[in-house]
Amino acid sequence: MNEQTRLVPQTNFAASRQPTNQAWHPGGEIYASAELFEREREEIFFRDWLCVARTEELANPGDYMTFRLVGEPIVVTRNLAGELKAFANVCFHRGVEVANGAGNTMEFSCPYHGWLYD
């Protein structure tokens, strides 16, 4: 028994591995499997770069955008040196998000206790 079958035992993946003109997609249960979703998070989303924006959307120092990627809060910003940076959008102390939406700022502030992040 392979790992995919163990995680979603009701699904037969053989039909999805046929030549394109003969293939069928796996059953709908794979789209609701918590176990398979966790495996995708670890083996796909957390292991490789993901495109979230275009550089011109963050053209100026201080420009930022926030996202939730696979349930994780992320902030992408352009620093004073003009470099694009991505960070976990959380305060180290309480875990609350320090940025919302998009805009331009030189620092992010924790709404819980006011810690500043530049």
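# Exercises on a predicted chain

Proline 26 lies in the loop between α1 (3-7) and α2 (34-45). The model to which these exercises refer is predicted.

## Exercise 1. Proline 26 in its loop

Task: Determine whether proline 26 is buried or exposed, and state how far its C-alpha atom is from that of alanine 15.

Solution.
Step 1. The relative accessible area of proline 26 is 14%. The limit for a buried residue is under 20%, so proline 26 counts as buried.
Step 2. Along the chain, proline 26 and alanine 15 are 11 residues apart. Their C-alpha atoms are separated by 7.3 Å.

## Exercise 2. The order of elements

Task: State how many helices and strands the chain has, and in which order the elements run.

Solution.
Step 1. The chain has 2 helices and 6 strands.
Step 2. Read from the N terminus, the order is α-α-β-β-β-β-β-β.
Step 3. The chain has 118 residues, of which 24% count as buried.

## Exercise 3. Pairing of the strands

Task: Identify which strands pair with β1 and with β2, and in which sense they run.

Solution.
Step 1. Begin with strand β1, which covers residues 63-69. With β2 it pairs in the antiparallel sense over 6 bridges; one of the residues involved is threonine 66, whose bridge partner in β2 is valine 75.
Step 2. β1 is also joined to strand β4 (residues 102-104) by 3 bridges, again in an antiparallel arrangement. Here aspartate 63 has asparagine 104 as its bridge partner.
Step 3. Turn to β2. Strand β3 (residues 84-88) is joined to β2 by 5 bridges, and the two run antiparallel. In β3, alanine 86 is the bridge partner of valine 76.
Step 4. Examine the turns. The hairpin of β1 and β2 has 2 residues between the strands, and valine 70 in this turn has a positive phi of about 50°. Valine 70 is not a glycine, yet its phi is positive. At 18% relative accessibility, valine 70 counts as buried. The hairpin of β2 and β3 has 5 residues between the strands, and there glycine 82 takes a positive phi near 85°.

## Exercise 4. A buried charge

Task: Aspartate 63 is buried; establish what lies around its side chain.

Solution.
Step 1. Look for a partner of opposite charge. The nearest such side chain is that of arginine 78, 6.1 Å away. A salt bridge requires a separation within 4 Å, so aspartate 63 has no salt bridge.
Step 2. Look for backbone partners. The aspartate 63 side chain reaches the backbone nitrogen of asparagine 60 at 2.9 Å, and that of alanine 59 at 3.2 Å.
Step 3. List contacts beyond four places in sequence. Among them are Glu57, Leu58, Val76, Thr77, Gly103 and Asn104.

## Exercise 5. Salt bridges

Task: State how many salt bridges the chain has, and describe where the residues of three of them lie or how accessible they are.

Solution.
Step 1. The count is 5 salt bridges.
Step 2. Glutamate 43 and arginine 39 form one of these, with 3.3 Å from N to O. Both residues belong to helix α2 and lie 4 residues apart, about one turn of the helix. Glutamate 43 is partly exposed at 43%, and arginine 39 is partly exposed at 23%.
Step 3. Arginine 41 and glutamate 72 form another, their closest N and O atoms being 3.5 Å apart. This pair links distant parts of the chain, since arginine 41 is in helix α2 and glutamate 72 in strand β2, 31 residues apart. Arginine 41 is buried at 13%, whereas glutamate 72 is partly exposed at 34%. Glu38, Arg41 and Glu72 are linked in a network of salt bridges.
Step 4. Arginine 54 and glutamate 56 meet at 2.5 Å, N to O. Arginine 54 is exposed, at 54%, while glutamate 56 is partly exposed, at 47%.

## Exercise 6. The cysteines

Task: Explain why cysteine 110 does not form a disulfide with cysteine 91.

Solution.
Step 1. A disulfide is a covalent bond between the sulfur atoms of two cysteines. The cut-off for counting one is within 2.5 Å.
Step 2. The closest cysteine sulfur to that of cysteine 110 is in cysteine 91, at 3.7 Å, which is too far for a bond.
Step 3. The count of disulfides comes to 0.
Step 4. Compare the surroundings of two cysteines. Cysteine 110 is buried, at 2% relative accessibility, whereas cysteine 51 is exposed, at 75%.

Technical notes: Residues numbered from 1 in each chain as written. Predicted model: local features only at pLDDT ≥ 70, side-chain atom pairs only at ≥ 80, totals over all residues. Heavy atoms only, no water. Buried < 20%, exposed > 50% of the residue type's maximum accessible area, 1.4 Å probe, protein only. Lys, Arg positive; Asp, Glu negative; His and termini not counted. Polar contact = N/O pair within 3.5 Å; in protein donor to acceptor, adjacent residues only side chain to side chain. Contact = heavy atoms within 4.5 Å. Pairing = 2+ DSSP bridges.
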